[in-house]
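Visitor: Before we start, I would like to go through this model by asking what justifies each term that is applied to it.

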Amino acid sequence: MDYILGVDGGNTKTDYYIFDNLGNIVAMHRDGTCSHEGLADSFEGSYRVMKAVFDDFLPKYNLKPEDFKACCFGLAGVDIPYQEQKLREVIERMGFKNFVVVNDSTLGVKAGTTKGYGACSINGTGTAASGIDMNGEVLQVGGIGEITGDEGGGRFIARKVVRKAFDEMMRFGPKTSLTPIVLNHLGVTDKLLFMQAISEKYYKRGFNYHVLTLACFDEANKGDKVAISILEEMGDCLARNVSSVIVNKKYDEHPEIVLAGSVYVKGSCPVLVESFKKACNKYTQKECRFNVLQVPPATGAIIWAKELYDNKFPTFEERQMIIKNVSDALEIADKKDK
């Protein structure tokens, strides 16, 4: 029996999966972030953290890094070639041989498309867009901040909601039902103290921005024009990045676009997704096909590792088997975390 490895390393937690070459799960381990961007010692920190996990985890199954026939490391912070090369060096130092190291946003492509290529728009806490084209070439657009148009995610919505409320109260902006929600959430009773509240509460670490994110969707559903405009603006911004992925690489006339992340999955107002889809078709000049990712992105890490092992994209039945195995493992891990 041969073994493959899938790693889904985000900015808060990392999931490690051992599967056999037939698609059966052998073991799963969850630990903290391994992202060089979230660790004080950067790439050396990624090596330190992952090596400690593998030194403890693998011997339980009589395995060593060199025993794995194929591996996929989907990691946060793989945004430019330099970062990819540094992380490849980290993984090679640990003893792994046959592997790919990619930005974790591309895992959605493997998990959510029918042929293993397409594009993915991440819309969760933050945002990024990436894709794998028909030749297997990877391109990422955005993911390093507002300078590259990363105007999406829950934090973006919350920031815009506060800004629109401030505009109404202090900058002659249009009236919006979001304003009393913001004032209440920040504890503002005197508009002349609005700036102070923003400085002391909104920018404070641990601020609960989810309340404002959800409020934007709720008020948009009620017809508030300002809330609707925020979602339309975000849909357009997200579409520009993911559409750039498509027009700058080789795709057919019906490219698959995967929508992944909590804002897409949990957002209660259709305005965002409708705006996003319309803009994608406009910018790409293609009839895109869309799929909101309902399976764990981590699924893509194992699907990619199996594709690397078999030298072909897994069948539908194989993918469904992997999806179920990963979903079951994550459900158990989530219960333990709680």
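**Reasons behind the terms**

Guide: This is a predicted model, and one place to begin is F194, which, leaving aside its neighbours within four places in sequence, is in contact with V162, A165, F166, M169, V182, L183, L186 and V188. Apart from the core that includes F194 there lies another core, of 28 residues, among them F54, L58, F68 and V101.

Visitor: What makes the set of residues around I157, L186, F194, L231, I257 and F276 a nonpolar core?

Guide: A nonpolar core requires buried residues of nonpolar type joined through side-chain atoms within 4.5 Å, and the largest set of this kind has 49 residues, with I157, L186, F194, L231, I257 and F276 having the most contacts inside it. At least two residues each come from α4 (154-170), α5 (178-186), α6 (194-202), α7 (210-221), α8 (225-247), β9 (256-260), α9 (262-266) and α10 (271-284), and the largest share, 10 residues, is that of α8. In soluble globular proteins, nonpolar side chains tend to be buried together.

Visitor: Why is C288 not counted in a disulfide with C280?

Guide: A disulfide needs two cysteine sulfur atoms within 2.5 Å, whereas the sulfur of C288 is 5.7 Å from that of C280, the closest cysteine sulfur, and is therefore too far for a bond. C269 is likewise in no disulfide, the nearest cysteine sulfur, that of C216, being 8.1 Å away, and by this rule the count comes to 0 disulfides.

Visitor: Why are C269 and C288 called buried?

Guide: Buried means under 20% relative accessible area; C269 has 5% and therefore counts as buried, and C288, with 8%, is therefore buried as well.

Visitor: Why is P255 called buried, and where is it found?

Guide: P255 is found in the loop between α8 and β9, and its relative accessible area is 1%, so P255 is buried under the 20% limit. Not counting residues up to four places away in sequence, P255 touches I246, K286, E287, C288 and R289; the C-alpha atoms of P255 and E287, 32 residues apart along the chain, are separated by 7.4 Å.

Visitor: How do you know that the radius of gyration of the chain agrees with that of a compact globule?

Guide: For 338 residues a compact globule would have a radius of gyration near 20 Å, and the chain has 21 Å, so the two agree. Along its principal axes, the C-alpha trace spans about 65 × 45 × 35 Å, and 53% of the 338 residues count as buried.

How values were computed: Residues numbered from 1 in each chain as written. Predicted model: local features only at pLDDT ≥ 70, side-chain atom pairs only at ≥ 80, totals over all residues. Heavy atoms only, no water. Buried < 20%, exposed > 50% of the residue type's maximum accessible area, 1.4 Å probe, protein only. Helix = DSSP H or I, 4+ residues; strand = E, 2+ residues; numbered from the N terminus. Contact = heavy atoms within 4.5 Å. Rg over C-alpha atoms; globule rule 2.2 N^0.38 Å.
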